[in-house]
Amino acid sequence: MAKQANLYSFPDTTSLAPALRAYVISCQEAGIARHGVFKVGISGGSLPKTLAQALLPEPSSEADTVKWDKWEVFFCDERAVPLDHEDSNYALVKKELFNKIPAGSPQPTIHPIDTGYLDDAQELADQYEQVLVRSFASRDSVKLPIFDLLLLGSGPDGHTCSLFPGHELLRETSAWVAPIEDSPKPPPRRVTLTLPVVTHAVRVAFVATGAGKKDIMKEIFEGDSGLPCTLVNMGTGERCSWFVDAAAVEGVSYPRRPFSL
Ligand SMILES: O=C1O[C@H](COP(=O)(O)O)[C@@H](O)[C@H](O)[C@H]1O
């Protein structure tokens with residue numbers, strides 16, 4: 001039987017953060033061993049705050065070090081807004097995480113969208129796909145980019161990236177980055193990594209915290225819901241790990257794993 005997604009549950013975000021850090025660092029080391037850099041996709045929403053809690057503390061050892069200068073950061077999805085707009089995922093991740101890396105420390109390479117194309121979501125998506133093409137080699141030589149890690153969130157409706165339940169984008173098989181003009185969650189115009197790209201990553205980690213996620217977590221883990229998060233679970237199996245707090249999975253009957261690398 002195919003191996004299933006790992007569900008790691010912690011009493012709260014304070015205890016979740018060190019495990020998430022250890023996991024991200026192990027993906028970082030695997031990426032550096034594979035190709036000299038760590039290619040990671042980051043989401044918006046509630047994730048960046050928890051990520052900052054995990055990654056910003058001083059390292060306790062060499063093996064515990066976040067090697068920011070090896071990080072090539074992409075966005076799992078982005079809203080078609082200027083980079084300093086309150087809806088921008090770039091602005092959010094910058095405010096919560098990157099601005100807090102001490103000045104003088106090694107800094108990551110960050111790949112935001114090209115805001116010259118905000119009026120045309122298709123063009124915005126095509127331009128961002130070209131950013132991936134340049135980083136992951138040409139589309140002719142690689143069918144799909146292989147991220148070392150994608151860090152995802154789950155909306156209370158089961159969406160992830162800007163892949164929404166029942167949306168036609170879930171059937172996209174060819175594009176790496178796709179436009180969406182009718183996102184049910186504002187703002188409506190966005191770009192997103194497509195499902196084949198998400199499920200092709202070496203590792204995928206969801207972070208979901210708080211009681212507001214409880215109902216959708218039941219649907220994602222207990223049924224054959226067809227929700228975007230469930231499709232990622234099915235497409236990645238044991239390459240997928242969920243880092244959740246107890247409130248988010250209260251009453252969810254799915255085996256928890258003790259966290260280990
Ligand atoms: O709109 C978005 O929502 C999801 C989930 O956000 P959360 O606040 O419920 O964790 C997020 O992962 C995505 O990047 C964002 O654009």
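# Reading the strands, helices and loops of a predicted model

Visitor: In which sense do strand β2 and strand β6 pair, and over how many bridges?

Guide: In this predicted model, strand β2 (residues 38–42) and strand β6 (residues 149–152) pair in the parallel sense, over three bridges. The general idea is that strands of a sheet pair through backbone hydrogen bonds, either parallel or antiparallel. One bridge to inspect is that of Val40, whose partner in β6 is Leu149.

Visitor: In what order do the strands of the open sheet of seven stand?

Guide: The order is β1-β10-β9-β6-β2-β3-β5, and the pairing is parallel. At the edges are β1 (6–10) and β5 (109–110), each of which pairs on one side only.

Visitor: Which strands form the open sheet of three, and is their pairing parallel or antiparallel?

Guide: That sheet has the order β4-β8-β7, with antiparallel pairing. Its edges are β4 (77–79) and β7 (177–180); each has a single partner strand, so one side of each is left without a neighbour in the sheet. From one strand to the next, the twist averages 15°. Between β7 and strand β8 (residues 190–193), which run antiparallel, there are four bridges. Val177 has Leu193 as its bridge partner in β8.

Visitor: Which helix lies across β7 and β8?

Guide: Helix α4 (residues 121–136) does so, running at about 160° to β7.

Visitor: How should one read the crossing of helix α1 and helix α2?

Guide: One reads the approach of the axes together with the angle between them. The axes of helix α1 (residues 13–35) and helix α2 (residues 47–55) come within 8 Å and cross at roughly 75°. Angles of 65 to 115 degrees count as roughly perpendicular, and α1 is therefore roughly perpendicular to α2. On the α1 side, the contact is made by Thr13, Ala17, Leu20, Arg21 and Val24; on the α2 side, by Thr50, Gln53, Ala54 and Leu55. By class, this contact of α1 with α2 has five nonpolar residues, three polar and one charged.

Visitor: Which residues come nearest to the ligand?

Guide: There are 14 residues around the ligand, of which Ser43, Gly44, Gly45, Ser46 and Gly153 come nearest. The shell around the ligand divides into three nonpolar, nine polar and two charged residues.

Visitor: What should be checked in the backbone of the loops?

Guide: Most residues other than glycine have a negative phi, and most peptide bonds are trans. Two places in this model deserve inspection on those points. Cys161, in the loop between β6 and β7, has a positive phi of about 50° although it is not a glycine. The peptide bond from Pro186 to Pro187 is cis, with omega near -5°. Pro187 has its place in the loop between β7 and β8.

Visitor: How many helices and strands does the protein chain have, and what is its radius of gyration?

Guide: The protein chain contains seven helices and 10 strands. Its radius of gyration is 17 Å; because a compact globule with 261 residues would have a value near 18 Å, the two agree. Along its principal axes, the C-alpha trace of the protein chain spans about 45 × 45 × 35 Å.

Definitions and conventions. Residues numbered from 1 in each chain as written. Predicted model: local features only at pLDDT ≥ 70, side-chain atom pairs only at ≥ 80, totals over all residues. Axes fitted to C-alpha atoms, helices over the stretch in contact; angles between N-to-C directions. Helix = DSSP H or I, 4+ residues; strand = E, 2+ residues; numbered from the N terminus. Parallel < 35°, antiparallel > 145°, perpendicular 65-115°, else oblique. Contact = placed C-beta atoms within 7 Å. Nonpolar A, V, L, I, M, F, W, Y, C, P; charged D, E, K, R; others polar. Near = placed C-beta within 6 Å. Pairing = 2+ DSSP bridges. Rg over C-alpha atoms; globule rule 2.2 N^0.38 Å.
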